[in-house]
Amino acid sequence: MIRAFDRWLLADAPAERLAVLRIAISGYSFIYIVANVGEFVRLANRSTSEFEPVGLASVLTSPVTPAVLWSVFAILIVSSIAALFGVWFRVTGPVLAFAFLAWASYHSSWGQMLHFEHVVTLHLLVLAASPASESLSVDARMRTRQVASVRFGWPIRLMAIITVVTYSLAAIAKLRIGGSSWIDGSTLANHIAYSATRLDLLGEPRPPFAAFAVQRDWLLGPAAIGGVAVELFAPLALFGGWFRKLWIPAIVTFHLATLLTMLVFFPYNGLGLALLPLYRVERILQVRGHVSNRRNVTTIEFRTIET
Amino acid sequence: MHHAEVGAAWVRRLATLLLLAALVWPAVRDRDGLPLSTYPMYASSRSAESSFITAIGVEADGSRTPLSALTISESRDRLVAQSFLNDAARRGEEEQVCAAIAGRVGESIVMVEIAREEHDTIARFRGGESLRNREILASCEAVS
């Protein structure tokens with residue numbers, strides 16, 4: 001098993017696979033930051049008494065000035081566009097990763113840890129240290145096409161490991177903190193009812209399936225066990241085979257269920273970005289004929305990576 | 001395989017182990033952080049009885065309207081709005097927060113109330129009465 005893991009970890013991958021991940025993750029970062037411009041406006045005017053720094057922001061003793069915060073916004077926008085197109089990626093990749101870490105830290109430094117920014121931050125840090133611009137980039141315009149190499153494969157494996165281990169950690173937290181009440185479904189019912197009540201009290205629409213779920217005790221126990229199991233055993237998806245074929249739709253269903261019952265949505269995971277390192281994502285290029293010489297390809301193939 | 005390649009392979013194995021150790025370290029220490037976390041979202045054991053800090057707008061005819069996350073905290077994120085109110089109550093800054101929110105409400109609102117409400121959240125969805133207790137923490141006139 002260790003040898004199999006070793007072969008998997010150090011397998012070659014085409015440069016295009018890592019490049020497509022660079023494009024997808026940098027593109028997500030750009031859209032995410034633009035969509036969160038309101039958060040920058042909000043945090044530019046918060047009072048010192050509300051500041052509880054975490055992560056990289058722990059070096060601060062008070063909130064930064066609006067000028068500094070908007071400078072971080074500008075750096076994020078410019079570096080995410082540069083990383084997206086692979087312009088000076090050896091500089092812009094690390095700048096993007098560091099700026100995103102700084103922003104995520106600052107964003108969570110107001111009494112509420114926002115866990116939906118953790119995985120994308122970790123993926124950006126790995127991407128920044130990788131040769132992700134050696135294909136499909138401005139940096140690679142004058143270069144000959146790279147052969148498949150472990151240099152491109154290993155960072156993708158690290159990103160896949162980050163994705164599945166974070167799911168496992170979430171399940172371990174539920175079992176360690178919630179214990180048996182998580183497994184019997186009562187805690188899940190209370191969380192769904194709590195989330196929906198909170199929305200009621202904010203005058204917002206309830207999650208569409210909250211009442212349906214809370215009114216059906218028989219459903220909640222199996223749903224809680226299923227949810228914890230899907231998270232806990234996520235690392236087995238690294239080994240491919242039938243488990244991964246089942247796990248991918250199961251984890252997508254898990255995110256859909258939390259959205260419909262609690263209006264809780266982790267966009268990076270829920271939109272599938274976090275799952276991309278488990279796929280031969282360069283196959284999407286076959287549609288445009290960048291990688292494959294196959295002709296008349298009319299469908300996008302997404303197959304999980306075989307070990 | 002060349003010596004350099006063998007060396008690089010061992011560096012990668014070691015770095016992978018370090019990454020794994022870093023990922024699980026917060027869980028070992030039971031200390032949440034960023035970018036490394038215990039991922040404790042929705043992990044706590046929660047009862048049906050829950051306490052909420054609420055912000056209500058009172059209109060001239062006495063009718064009451066829950067204020068939105070955006071009005072409360074200038075963020076559309078519900079977690080942020082909830083955290084904003086909870087933190088204010090924890091620090092005893094209900095009056096200041098009430099005044100700040102009163103400056104953001106619409107014209108129809110004449111007064112803002114910050115309250116602590118106890119709810120049976122399960123009863124709310126199973127046809128029962130939800131509100132168990134309500135304590136007004138601060139009230140202030142809206143800024144016209």
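## Helices, strands and one odd proline

Helices here are DSSP runs of H or I with at least four residues, strands are E runs with at least two, and the numbering starts from the N terminus. With that in hand, B:Pro35 is easy to place: this proline sits in the loop that joins helix 1 (3-29) to strand 1 (49-59) of chain B. The model is a predicted one, and in it the peptide bond leading from B:Leu34 into B:Pro35 is cis, with omega near 10°.

Chain A has its own backbone oddity. A:Leu136 takes a positive phi of about 50°, even though this residue is not a glycine. You'll find A:Leu136 in the loop between helix 6 (118-128) and helix 7 of chain A. As background, most residues other than glycine have a negative phi, and most peptide bonds are trans.

## How far to trust the model

Chain A comes out with a mean pLDDT of 91, and 93% of its residues reach 70 or more. For chain B the average is 91, with 99% of the residues scoring at least 70. Within chain B, strand 3 (residues 109-120) has the highest mean pLDDT of the elements at 96, while helix 3 has the lowest at 88.

The stretch to watch is in chain A: over residues 294-303, pLDDT stays under 50. The model does give that stretch 14 contacts beyond four places in sequence. Where pLDDT is low, though, the predicted coordinates should not be read in detail.

## Domains

Chain A is assigned a domain 1 covering 15-148 and a domain 2 covering 152-307. Their C-alpha centres are 23 Å apart. Across the boundary, 25 residues of domain 1 of chain A touch 24 residues of domain 2 of chain A. Together these two domains bury about 2,200 Å², with carbon and sulfur atoms giving 82% of that area. On the domain 1 side, A:Arg17, A:Leu21 and A:His123 account for 29% of what is buried against domain 2, more than any other three residues.

In chain B, the assignment puts domain 1 at 1-44 and domain 2 at 49-141. The C-alpha centres of these chain B domains are separated by 42 Å.

## Where the chains meet

The contact between the chains draws on 68 residues of chain A and 58 residues of chain B. It buries about 5,700 Å², and carbon and sulfur atoms give 63% of that. From chain B, the trio B:Leu34, B:Tyr42 and B:Phe125 brings 16% of the area the chain buries against chain A, more than any other three residues. B:Leu34 is a familiar name here: the cis peptide bond runs from B:Leu34 to B:Pro35.

## Pockets

The largest pocket has a volume of about 1,300 Å³. Its lining counts 48 residues, and the ones nearest the centre are A:Leu114, A:Phe116, B:Asp77, B:Leu79 and B:Val80. By class, that lining splits into 25 nonpolar, 13 polar and ten charged residues. Helix 3 (78-91) of chain B gives at least two lining residues, as does each of four chain A elements: helix 2 (15-35), helix 3 (37-43), helix 9 (186-201) and helix 12 (241-262). The largest share, eight residues, comes from helix 3 of chain B. That helix also has the lowest mean pLDDT (88) among the elements of chain B.

The second largest pocket holds about 820 Å³ of space. There are 40 residues in its lining, with A:Thr253, A:Phe254, A:His255, A:Ala257 and A:Thr258 nearest the centre. Two or more lining residues come from each of helix 7 (150-178), helix 9, helix 10 (210-214), helix 11 (217-232) and helix 12 of chain A. Sorted by class, the lining of this second pocket has 28 nonpolar, ten polar and two charged residues.

Methods
Residues numbered from 1 in each chain as written. Chains lettered and ligands numbered in written order. Predicted model: local features only at pLDDT ≥ 70, side-chain atom pairs only at ≥ 80, totals over all residues. Heavy atoms only, no water. 1 Å grid on protein atoms, 1.4 Å probe; cavity = no way out; pocket = protein on both sides within 12 Å on 5 of 7 lines; lining within 4 Å. Points joined across faces, edges and corners; volume = space filled by probe spheres on them. Nonpolar A, V, L, I, M, F, W, Y, C, P; charged D, E, K, R; others polar. Domains from an automatic or database assignment. pLDDT = per-residue confidence, 0-100. Contact = heavy atoms within 4.5 Å. Buried area = accessible area lost by both parts, 1.4 Å probe.
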